[in-house]
Amino acid sequence: MAYKSFFKIALFFVVLAVTCQAQAQKKLFNGKNLDGWQVHGTEKWYVENGNLVCESGPDKQYGYLATDQKFKDFELTVEFKQEADGNSGVFFHSSLDGTKISGWQAEVAPPGKSTGGIYESYGRGWLIKPDPEKDKALKMGEWNKMKIRVVGNQVTTWVNGTQMIELTDEQIGSRDGVIALQIHDGGGIKVRWRNIAVKELKKS
């Protein structure tokens, strides 16, 4: 009897831990529509077969899809598939005025273009690029998984399980902001996104 009671208690805490972990991660994209997001610019953002798609429009300008909610310390996971030109990115700690964005971008780009690096728009430009040999982690034309972890001044990115960069930057740690997906200017760009989820973290 004692063994059975212990087993039930242990099982309860395992289920509780799994439930709490699941609750801690929040889906940002529901697979159906753009609820919880705001479109900035005239480029195309739409849902197709459960994927979030960004595609160049006639104006061929920069475009952004930004969360309604702001985040500071978090771990974001997202899957992307680059079709045609895949020049895009995931912004964080950002704010927008039309299509002018202030913040930091984890690069999503074609091979050889520093996917996983951190770029500051309308500011210091490239803060860090991955070592070139890490570019092989990117699978152009296939689904890729990116993870972005931001805690205080520390930023770390991964692509398909490969750590791309680790950066310490006080300016990043000094503010919060929205998360935003980007479509680059120039036209001919199409990227699919899915399984976008964020887990808010407490700075230790």
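These questions and answers walk through one predicted model. Residue numbers run from 1 along each chain as its sequence is written, and side-chain values use heavy atoms, with hydrogens and water left out. As the model is predicted, local features need pLDDT of at least 70 and side-chain atom pairs count only at pLDDT 80 or more, while totals for chains, interfaces and linings use all residues.

Student: How many helices and strands does the chain have?
Tutor: Elements here are DSSP runs, numbered from the N terminus. Helices are H or I runs of at least four residues, and strands are E runs of at least two. The count is two helices and 15 strands.

Student: What percentage of the residues count as buried?
Tutor: Buried means under 20% relative accessible area, exposed means over 50%, and partly exposed lies in between, with a 1.4 Å probe and protein chains only. The chain has 204 residues. The buried part of them is 44%.

Student: What share of the contacts with a separation of 6 or more comes from residues 24 or more positions apart?
Tutor: Contact means heavy atoms within 4.5 Å. Take the contacts in the chain with a separation of 6 or more. The share from residues 24 or more positions apart is 64%.

Student: Is K60 buried, partly exposed or exposed?
Tutor: K60 lies in the loop between strand 4 (51-55) and strand 5 (63-71). Its phi is near 55°, a positive value in a residue other than glycine. Most residues other than glycine have a negative phi. K60 has 47% relative accessibility, so it counts as partly exposed.

Student: And S114, is it buried or exposed?
Tutor: S114 is not a glycine, yet it has a positive phi of about 70°. Its place is the loop between strand 8 (100-108) and strand 9 (118-121). The relative accessibility of S114 is 15%, so the class is buried.

Student: Which type of aromatic pair do Y64 and F91 form?
Tutor: The structure holds five aromatic pairs. Rings of Phe, Tyr and Trp (its six-membered ring) pair if their centres lie within 6.5 Å; planes under 30 degrees apart are stacked, over 60 edge-to-face, and the rest tilted. For Y64 and F91 the centres are 5.7 Å apart and the planes meet at 80°. The type is edge-to-face.

Student: How many residues apart are Y64 and F91?
Tutor: Y64 is in strand 5, and F91 is in strand 7 (residues 88-97). The pair links distant parts of the chain. The separation is 27 residues.

Student: What is the relative accessible area of F91, and is F91 buried or exposed?
Tutor: Start with its partner: Y64 counts as buried, at 2% relative accessibility. F91 has a relative accessible area of 0%, so F91 is buried.

Student: Which residues form one aromatic cluster with F71?
Tutor: The rings of F71 and F74 have centres 6.4 Å apart and planes at 65°, so this pair is edge-to-face. F71 is buried at 1% relative accessibility. F74 is also buried, with a relative accessible area of 1%. The cluster partners of F71 are F74 and F92.

Student: Which residue lies over the face of W143?
Tutor: A charge sits over a ring if NZ of Lys or CZ of Arg is within 6 Å of the ring centre and within 35 degrees of the ring normal. The charged end of K147 sits over the ring of W158, 4.4 Å from its centre. Over W143, at 3.9 Å from the ring centre, lies R194.

Student: How far apart in space are Y64 and V90, C-alpha to C-alpha?
Tutor: Beyond its neighbours within four places in sequence, Y64 is in contact with residues including W45, F91, L96 and I101. In sequence, Y64 and V90 are 26 residues apart. In space, C-alpha to C-alpha, the distance is 9.5 Å.

Student: Which residues does Y46 touch, not counting residues up to four places away in sequence?
Tutor: Y46 lies in strand 3 (residues 44-48). At 25% relative accessibility, Y46 counts as partly exposed. The residues touched are N51, L52, V53, E55 and K190.

Student: How many charged residues are in the lining of the largest pocket?
Tutor: Ala, Val, Leu, Ile, Met, Phe, Trp, Tyr, Cys and Pro count as nonpolar, Asp, Glu, Lys and Arg as charged, and the others, Gly among them, as polar. Seven lining residues are nonpolar and six are polar. The charged class has one.
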